Amino acid sequence: MSNVILPPEWRIREDKVTPETVFNNRRDFLKTLGFAGLGIAGALNASPAWATGKMIDVLARLSNGKWPAITSLKANASFTADRPISNEKSALTYNNFYEFTMVKEGVWKLMDRFKTQPWKVEVTGLVKNPAIYDIEELIRKMPVEERIYRHRCVETWAMVVPWAGFPLSELIKKVEPQSEANYVRFVSFHQPDAAPEQAKNPDLPWPYKEGLTIDEAMNELTFMVTGIYGHQLPPQHGAPLRLVTPWKYGFKSIKSITRIEFLETRPATFWNTLIPKEYGFESNVDPNIPHPRWSQRREKMIGTGEVYATQKYNGYGKWVADLYE
């Protein structure tokens, strides 16, 4: 346990936080969209010996250069968290990545066929300088730094991680949006041969898409992430390039980006298209706005199970509250 002391009124019983039925209900709902299948069953019934062997293999990659360290990485002291950094093993093996599986503990087991090199990112739409970047070229052009952010999932689990990357505003300045550009859309990959759920459910609105207003995109918190824990991103974290918007629920932080588009009108996004009453376009963290099927007043840290009261804008109000006045 960490030495963080929580006010007594924040403490609630372990079995009352993000109950298993919440996740099962969400899975049941998504099964009607076609997410059920042998992938989930196989992950839940995997033998302990197999799982242990795979875990050893995955963790060994951290020490054998599979995800190389980011050299000359400097931490930005303006962005720190008031909670301990989450254990890397927990963050490495508990992920949402629906292109692969609905089982969070199973994502890291399905990454062998997903290739993140070579990788190109197209910046297009209402910009003066459209471009197609090789990911390594793009990273070289940007001021990469480390920021420690809280991360809050809409499903009430949370973590604190040290991301490495660059402000999205730096890229926006290079491409120079036209005055008509009001929104930014982000588009992920489409590789059914590598992503099991894309193959099994081709009628869902793949590739995954997310969006921000141009003002949200220009905010100094909005971060394009290329690394985590001091090394390059593993694929389950959204390699080689993902978005992080720490004041919004995690599903807004799209992974494995291939295209960034500047648009005049609000774009359609993945979850907002599928379940608009439950996953709004804005989706700022707010303890006073419950999800239709569970409260958002508490959050539970992965790894430790510690429970905290949810903060509006995930605690980042001084940076973003003025965007919504």
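## The nonpolar core

The largest nonpolar core of this predicted model comprises 71 residues. Those with the most contacts inside this core are Trp163, Leu171, Phe186, Met224, Ile260 and Phe262. Strand E4, which covers residues 157–167, supplies the largest share of the core, namely five residues. There is also a second, separate core, which has five residues, among them Ile148, Ala158, Val160 and Tyr308.

Met224 illustrates how the main core is joined to other parts of the chain. When residues up to four places away in sequence are not counted, Met224 touches Ala164, Gly165, Phe166, Leu168 and Phe186. The list for Met224 also includes Leu241, Arg242, Leu243, Ile257 and Ile260.

## The chain as a whole

The chain has 325 residues, of which 53% count as buried. Its secondary structure comes to ten helices and twelve strands. Among contacts in the chain with a separation of 6 or more, 74% are accounted for by residues 24 or more positions apart.

## Confidence of the prediction

The pLDDT of the chain averages 86, and 80% of the residues score at least 70. In residues 1–29 the pLDDT is below 50, and this stretch has 41 contacts in the model beyond near neighbours in sequence. Residues 34–51 likewise have a pLDDT below 50, with 23 contacts in the model beyond near neighbours in sequence.

## Thr226 in strand E7

Thr226 is placed in strand E7, which spans residues 223–228. Is this threonine, Thr226, buried or exposed? Thr226 counts as buried because its relative accessibility is 7%, and the cut-off for buried is under 20%.

Leaving out residues up to four places away in sequence, Thr226 touches Ile139, Val144, Ala164, Gly165 and Phe166. Gln232, Leu233, Pro240 and Leu241 are also touched by Thr226. Ala164, Gly165, Phe166 and Leu241 appear among the contacts of Thr226 and also among those of Met224.

## Pro235 and its loop

Pro235 lies in the loop that runs between strand E8 (231–232) and strand E9 (242–244). With a relative accessibility of 11%, Pro235 counts as buried.

Which residues are in contact with Pro235, leaving aside its neighbours within four places in sequence? They are Trp67, Phe97, Met111, Phe114 and Thr116. Pro235 and Trp108 are 127 residues apart in sequence, while their C-alpha atoms are 8.0 Å apart in space.

## The largest pocket

The largest pocket holds about 690 Å³ of space. Its lining consists of 24 residues, and Pro68, Thr116, Gln117, Gln232 and Leu233 lie nearest its centre. By class, the lining of this pocket has 13 nonpolar, six polar and five charged residues.

Some of these residues were named above. Thr116, one of the residues nearest the centre of the pocket, is in contact with Pro235. Gln232 and Leu233, also among those nearest the centre of the pocket, are touched by Thr226.

## The cavity

How many cavities of 30 Å³ or more does a search of the whole structure find? The search finds one. The largest cavity has a volume of about 300 Å³.

This cavity is lined by 23 residues, and those nearest its centre are Asn96, Gly250, Phe251, Ser253 and Lys255. The lining of the cavity divides into eleven nonpolar, seven polar and five charged residues.

Terms used. Residues are numbered from 1 along each chain as its sequence is written. This is a predicted model: local features need pLDDT of at least 70, side-chain atom pairs count only at pLDDT 80 or more; totals for chains, interfaces and linings use all residues. Side-chain values use heavy atoms; hydrogens and water are left out. Helices (H or I, at least four residues) and strands (E, at least two) are DSSP runs, numbered from the N terminus. Buried means under 20% relative accessible area, exposed over 50%, partly exposed in between (1.4 Å probe, protein chains only). Contact means heavy atoms within 4.5 Å. On a 1 Å grid over the protein atoms alone, a cavity is a set of points where a 1.4 Å probe fits but cannot get out, and a pocket is an open set with protein on both sides within 12 Å along at least five of seven lines; lining residues have an atom within 4 Å of a point. Grid points are joined across faces, edges and corners, and a volume is the space filled by probe spheres set on the points. Ala, Val, Leu, Ile, Met, Phe, Trp, Tyr, Cys and Pro count as nonpolar, Asp, Glu, Lys and Arg as charged, and the others, Gly among them, as polar. pLDDT is the predictor's confidence in each residue, from 0 to 100. A nonpolar core is a set of buried Ala, Val, Leu, Ile, Met, Phe, Trp, Tyr and Cys residues joined through side-chain atoms within 4.5 Å.
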